[in-house]
Amino acid sequence: MLRKTLFALTAATALAATAAFAGAKKDIVDTAVGAGTFETLVAAVSAADLVDTLKGDGPFTVFAPTDEAFAALPEGTVENLLKPENKDQLVAILTYHVVAGKVMSTDLTDDMTAATVNGSDIMIDLDDGVKVNEASVITADIVTSNGVIHVIDAVILPPQS
């Protein structure tokens, strides 16, 4: 019995390690598509013509809002942002979720700021879990071939200029 349990545990560990390694072979966009919980984000990245950028060499750190995070925005917001005439605003919001470089959760410090690709800073707070501005990180350190994804529970908006 112990031998079967040990064998099953070893096999499960090997499969998990293989799956994790295989996941790292996918870029940020392909990882987001494969997850199935970022359909709105993927649609927005496509509408903003940022797919090729996020499939590029990077590395990038993406704070990725879930579909539920986008659904929590006021009604009509996402549809309005996806209109071609609002592309600049959409790009500004999406690039506010991206930091150049690969920033793992172990690299974060309380009250640090990080410059986004948008040009504005985000604030990291570690007092009550990990927060990026007002959004909580719900899953950290999803390693991809060109960076890392941290899943957040809200869409963060850049400061108004």
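**Cavities, a pocket and the fold around them**

Thr40, Ala44, Phe70, Leu73, Val78, Leu81, Leu82, Leu90, Ile93 and Val155 form the lining of the second largest cavity. In this predicted model, α3, α6 and α7 are the elements that each give two or more residues to that lining. The space inside comes to about 60 Å³. By class, the wall has nine nonpolar residues, one polar and no charged.

That cavity has company: the count comes to three cavities of 30 Å³ or more. The largest cavity holds about 80 Å³ of space. Around the largest cavity sit Ile28, Val29, Ala32, Leu41, Val42, Val45, Leu54, Val62, Ala64 and Ile149. Helices α2 (28–35) and α3 (39–47), along with strand β1 (60–65), each supply at least two residues of this lining. Its makeup is easily told, with ten nonpolar residues, no polar and no charged. Helix α3 thus turns up twice, as a contributor to the largest cavity and to the second largest cavity.

Then there is the open space. The largest pocket takes in about 240 Å³. Its lining runs to 13 residues, and Gln89, Ala92, Ile93, Pro158 and Gln160 are the ones nearest the centre. Two elements, α6 (77–81) and α7 (87–95), give two or more residues each to the pocket lining. Of the elements, α7 gives the most, with three residues. As for chemistry, the pocket lining splits into seven nonpolar and six polar residues, with no charged ones. Ile93 is worth a second look, since this residue lies among those nearest the pocket centre and also lines the second largest cavity.

Helix α7 keeps coming up, so what does it bury? Leu90, Ile93, Leu94 and Thr95 are its buried residues. Two of these, Leu90 and Ile93, also appear in the wall of the second largest cavity. The general geometry fits this sort of picture: an α-helix has 3.6 residues a turn, so residues three or four places apart point the same way. The cover over the buried residues of α7 includes α3, α6 and β2 (98–100). Helices α3 and α6 are also named, with α7, in the lining of the second largest cavity.

Stepping back to the fold, the protein has seven helices and seven strands. Read from the N terminus, the elements go α-α-α-α-β-α-α-α-β-β-β-β-β-β. The strands make up an open sheet of seven, ordered β2-β1-β7-β6-β5-β4-β3 and with mixed pairing. At the edges are β2 and β3 (112–115), each of which pairs on one side only. Within the sheet, β5 (residues 131–132) and β6 (residues 135–144) run antiparallel and are joined by two bridges. Here Lys131 stands opposite Ser136 in β6. Edge strand β2 is also part of the cover over the buried residues of α7.

A few totals round off the picture. Of the 161 residues in the protein, 35% are buried. Among contacts between residues at least 6 apart in sequence, 61% join residues at least 24 apart. The exposed surface comes to about 9200 Å², and carbon and sulfur atoms supply 59% of it.

Technical notes. Residues numbered from 1 in each chain as written. Predicted model: local features only at pLDDT ≥ 70, side-chain atom pairs only at ≥ 80, totals over all residues. Heavy atoms only, no water. 1 Å grid on protein atoms, 1.4 Å probe; cavity = no way out; pocket = protein on both sides within 12 Å on 5 of 7 lines; lining within 4 Å. Points joined across faces, edges and corners; volume = space filled by probe spheres on them. Helix = DSSP H or I, 4+ residues; strand = E, 2+ residues; numbered from the N terminus. Nonpolar A, V, L, I, M, F, W, Y, C, P; charged D, E, K, R; others polar. Buried < 20%, exposed > 50% of the residue type's maximum accessible area, 1.4 Å probe, protein only. Contact = heavy atoms within 4.5 Å. Areas by Shrake-Rupley, 256 points an atom, 1.4 Å probe, with all protein chains shown as cover. Pairing = 2+ DSSP bridges.
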